[in-house]
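Student: Pick one part of this model and take me through it up close, please. After that, work outwards so I can see how the rest fits around that part.

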Amino acid sequence: MDVRGTTVRSDAGLFGYERALTRCGLGPVAGVDEAGRGACAGPLVVAAVILHPGRTRRLARLNDSKLLTERVREEVYADVLASAAAVATVVVPAADIDQIGVHVANIMGMRRAVARLGVSPGYVLTDGFAVEGFGVESLAVIKGDRAVGCIAAASVVAKVTRDRIMRCLHEQYAEYDFAQHKGYVTAAHTAALARYGPCAEHRLSYVNVAAQAGLAGKTRLLRLEERVAMTSLRGATESA
């Protein structure tokens, strides 16, 4: 990959992009990724991470969060927090996803996460697709969570943060077993949806949830409208 005249070799390792961009005077480099995009319940969590170039030795196990076991992911999460120059997370509730759509929510979350970093990045790397509006140049890297250290770190932070949220939601909505499937569409989750209908943490704009909302009665169909109204009211209050 060519970055401002500098070639990032395929064997450059997980931190090759950061090193190349820093040599070009474009550091510090932030990586951004999200967790929960494909779930039908719970929030979308977006993380942005700037790794400290002198503290990457302890990140030998860093990888795409989906390739790590839960135990290792928690350990790597702690390593990332200890090794990072800056970390920021944004939690987008299900109600907001219903209102604006998951892709728009994801992009907005990425911009907000980068803006919240305690260190201003000189460049931003995203996983898979291009995003504008960071205030600095950015680049999309295909399978970036497996190829770029700061994106992999962001994927771990986002995943661990979201999993912890879903375990907390399990205590409130134990019948859905969020602690196990984390809001993704599994057979057990689908069965719980069919039996109990959606709860307040389900994304009613998702087809499978909307179908069960219809089966559960008209009162559940009103929840999306109520969510939109509450979100609009909250936005008006914040901008006042």
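Tutor: Let's settle one term before we zoom in: two residues are in contact when heavy atoms of theirs lie within 4.5 Å. What you're looking at is a predicted model, so local features need pLDDT of at least 70 and side-chain atom pairs count only at pLDDT 80 or more, while totals for chains, interfaces and linings use all residues. Numbering starts from 1 along each chain as its sequence is written, and side-chain values use heavy atoms, with hydrogens and water left out.

Let's zoom in on T161, which sits in helix α6. Helices here are DSSP runs of H or I with at least four residues, strands are E runs of at least two, and both are numbered from the N terminus. Is T161 buried or exposed? Its relative accessible area is 17%, so T161 counts as buried; the cut-offs are under 20% for buried, over 50% for exposed and partly exposed in between, with a 1.4 Å probe and protein chains only. Which residues does T161 touch, leaving aside its neighbours within four places in sequence? They are V45, Y77 and T89.

Now the helix around T161. α6 covers residues 149-172, and 17 of its 24 residues are buried, so the rest of the structure largely encloses α6. Its length works out too: the expected span is 1.5 Å times one less than the number of residues, which gives 34 Å for α6, and the end C-alpha atoms are 35 Å apart, in agreement.

Next, the cavity. The structure holds 1 cavity of 30 Å³ or more, and the largest has a volume of about 40 Å³. A cavity is a set of points on a 1 Å grid over the protein atoms alone where a 1.4 Å probe fits but cannot get out, and lining residues have an atom within 4 Å of a point. Grid points are joined across faces, edges and corners, and the volume is the space filled by probe spheres set on the points. What lines the largest cavity? The lining is E70, R73, E74, V160, D163 and R167, with α2 and α6 being the elements that give two or more residues to it.

α2 spans residues 70-83 and includes L81. With a relative accessible area of 41%, L81 is partly exposed. L81 and V49 are 32 residues apart in sequence, yet their C-alpha atoms are 9.1 Å apart in space.

On to the sheet. Its 5 strands run in the order β5-β4-β3-β6-β7, forming an open sheet with mixed pairing; two strands pair if DSSP finds at least two bridges between them. β5 (84-92) and β7 (138-141) are the edge strands, each pairing on one side only. Neighbouring strands are turned by 20° against each other on average, direction ignored. Those angles use axes that are lines fitted to C-alpha atoms, for helices over the stretch in contact, and run from 0 to 180 degrees between N-to-C directions.

Strand β4 (residues 44-51) pairs with β5 in the antiparallel sense over 8 bridges, and L44 has V92 of β5 as its bridge partner. α2 packs on the sheet, touching β4 and β5, with its direction at about 125° to that of β5. Helix α4 (residues 102-116) also packs on the sheet, touching β3 (29-35), β4, β5 and β6 (123-127); its direction makes about 35° with that of β4.

At the β7 edge, β6 and β7 run parallel and are joined by 4 bridges. L125 has L139 of β7 as its bridge partner. In a regular strand the side chains alternate between the two faces of the sheet. In β7, L139 and V141 make up the covered face, while S138 and A140 make up the uncovered one.

A few backbone oddities are worth a click as well. The peptide bond from G27 to P28 is cis, with omega near -5°, and P28 lies in the loop between α1 (16-23) and β3. K143, in the loop between β7 and α5 (144-147), is not a glycine but has a positive phi near 50°; at 56% relative accessibility, K143 is exposed. K182 also has a positive phi, about 60°, without being a glycine. K182 is in the loop between α7 (178-181) and α8 (187-196) and counts as buried at 8% relative accessibility.

Stepping right back, the protein has 10 helices and 7 strands. Buried residues make up 49% of its 240 residues.

Conventions:
1 Å grid on protein atoms, 1.4 Å probe; cavity = no way out; pocket = protein on both sides within 12 Å on 5 of 7 lines; lining within 4 Å.
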